[in-house]
Amino acid sequence: MSLRALLEGLPIPIVQAPMVGAQDERMAIAVSEAGGLGSLGAGGLAPSDIEPAAGAVRAATAAPFAVNLQMAPALKPTAAELEAAMARLAPWYARFGETPPPTPNTYSHEFEAQLDAVVRAAPPIASFIFGVLQRADVERLQAAGSYVVGTANTVAEARAWAAAGADGVCAQGFEAGGHHGYFLGDVEASSVGTMALLATTVAALDIPVIAAGGIMDGRGVAAALALGASAVQMGSAFLLADEATNGPTWQAALRSAAEDATRLTRAFSGRYARGLENRFMRELKDADVPAYPIQNRLTQPLRAAANRAGDPEAISLWAGQAATLARPGAAGDLVKRWWAEARAASQALAARTAKT
Ligand SMILES: Cc1cc2nc3c(=O)[nH]c(=O)nc-3n(C[C@H](O)[C@H](O)[C@H](O)COP(=O)(O)O)c2cc1C
């Protein structure tokens, strides 16, 4: 079977986006069991935890699922860079009565070791963000039995994944919540809206395209399928789901947010991501913070402290541009509801176009 056949043959062609910090195995299982495609955001997992997590999904559902990794570069700050970064964060740690953490030994899990673990876990789909794999690694995953999907913010990035032998791409538009995947150009040159990115990527490539960014309900699902997507990846739409692990402070901020409240920021992690604007984003200047994953690691204990204190002003409140349309409910029920809405939307459109 091809990846296109798998995606287009899903009972519900909705992919639950991998979301580090907002979901675990439970959401992936619920979505795959409902007929969509659940994903496990494994970017934050130690290599040794990846196989057990993937195994838990496999044990709970016979349906396909995806495991996702973030391709974090192995960066370390200079002593001066570290000192400056910690000085900027010190008042924030003080605000929560926390002493700043000691100098970390590592700034992210080692990507190569995570990749080896995914090869061993051999999930039906292995997806990636923040870069492009070497062809040999794509082939290693495929030989293990996984389809490979790469995230692209531009057609050039989608072509790079196709050239590396990927089975499909996830076209992630500028609207998307959370981190953006750009890796060839800077964020400005890589900011393409979902509608334009999807249509141009489908036209440029022969491999299936999964659309992501700003899709919140069945109308959006129908629109993306009409533009040629083989499936639709939704993240923010699951942030109020029963299985979401993002916590009450983030969820309350989302419930009370104004429609236009999201911004792209690198203040939390050193890489541009979209979230609800808060004081931390306003006060830390994007240009000052060290690169991902250094800043991500340095702010982790701070974000955890803010979460414990219930203070939304120092939590990375990742959310897409249409996130205020998120609705509560069991993830499996949400997916079924969106598919019913998508069918109703396409029938209404068919009736309307038939009249003219
Ligand atoms: C809270 C959150 C965490 C995310 N984490 C990841 C991740 O770990 N890996 C990844 O490939 N994409 C991640 N994304 C991006 C999604 O895959 C997807 O591109 C995005 O959610 C689509 O836009 P939407 O939020 O408007 O639906 C995340 C998104 C959110 C909202």
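The following paragraphs lead through a predicted model of a single protein chain, from its overall dimensions to its sheets and then to individual residues.

The protein chain contains 13 helices and 11 strands. Its radius of gyration is 20 Å, close to the 21 Å that the globule rule gives for 356 residues, so the chain is as compact as a globular protein of that length. Taken along the principal axes, the C-alpha atoms fill a box of roughly 65 × 45 × 40 Å. Of the 356 residues, 55% count as buried. The protein chain exposes about 14500 Å², and carbon and sulfur atoms supply 54% of that area. Among contacts between residues at least 6 apart in sequence, 67% join residues at least 24 apart.

Two sheets may be described in turn. One is an open sheet of 8 strands with parallel pairing, in the order β1-β9-β8-β6-β5-β4-β3-β2. Strands β1 (14–16) and β2 (38–41) stand at its edges; each has a single partner strand, so one side of each is left without a neighbour in the sheet. From one strand to the next, the twist averages 25°. In general, strands of a sheet pair through backbone hydrogen bonds, either parallel or antiparallel.

Within this sheet, β3 (residues 65–70) and β4 (residues 125–129) run parallel and are joined by 5 bridges. At the level of residues, L69 stands opposite F128 in β4. Helices cover this part of the sheet. Helix α3 (residues 47–60) packs on the sheet and touches β2 and β3, its direction making about 160° with that of β3. Helix α2 (residues 25–34) lies across β1, β2 and β3 and runs at about 165° to β2.

Strand β8 (residues 209–212) offers a second detailed view of the parallel sheet. In a regular strand the side chains alternate between the two faces of the sheet. In β8, V209 and A211 point one way while I210 and A212 point the other way, and all are buried. Strand β6 (residues 168–172) pairs with β8 in the parallel sense over 4 bridges, and the bridge partner of A171 in β8 is A211. Strand β9 (residues 231–234) also pairs with β8 in the parallel sense, over 3 bridges. Here the bridge partner of A211 in β9 is V232. The connection from β8 to β9 passes through helix α9 (residues 218–226), and the three elements make a right-handed β-α-β unit.

Beyond β9, the loop between β9 and α10 (248–256) holds F238. The relative accessible area of F238 is 0%, so this residue falls under the 20% cut-off and is buried. Leaving aside neighbours within four places in sequence, F238 is in contact with Q16, M19, M27, V31, A244, A331, V335 and W338. By way of contrast, the C-alpha atoms of F238 and M86, 152 residues apart along the chain, are separated by 33 Å.

The other sheet is an open sheet of 3 strands in the order β7-β11-β10, with antiparallel pairing. Its edges are β7 (178–179) and β10 (262–265), each with a single partner strand, so one side of each is left without a neighbour in the sheet. Strand β10 and strand β11 (residues 273–276) run antiparallel and are joined by 4 bridges. One pair in this arrangement is R263 and its bridge partner in β11, G275.

Three details of the backbone deserve attention. Most residues other than glycine have a negative phi, and most peptide bonds are trans. A122 has a positive phi of about 45° although it is not a glycine. This residue, A122, lies in the loop between α5 (111–121) and β4. Its relative accessibility is 18%, so A122 counts as buried under the 20% cut-off. F130 likewise is not a glycine and has a positive phi, of about 90°. The place of F130 is in the loop between β4 and α6 (135–144), and at 7% relative accessibility F130 counts as buried. Finally, a cis peptide bond with omega of about 0° joins Y292 and P293. P293 lies in the loop between α11 (279–283) and α12 (294–309).

Conventions. Residues numbered from 1 in each chain as written. Predicted model: local features only at pLDDT ≥ 70, side-chain atom pairs only at ≥ 80, totals over all residues. Heavy atoms only, no water. Pairing = 2+ DSSP bridges. Axes fitted to C-alpha atoms, helices over the stretch in contact; angles between N-to-C directions. Contact = heavy atoms within 4.5 Å. Rg over C-alpha atoms; globule rule 2.2 N^0.38 Å. Buried < 20%, exposed > 50% of the residue type's maximum accessible area, 1.4 Å probe, protein only. Areas by Shrake-Rupley, 256 points an atom, 1.4 Å probe, with all protein chains shown as cover. Right-handed = clockwise from strand over helix to strand, strands pointing away.
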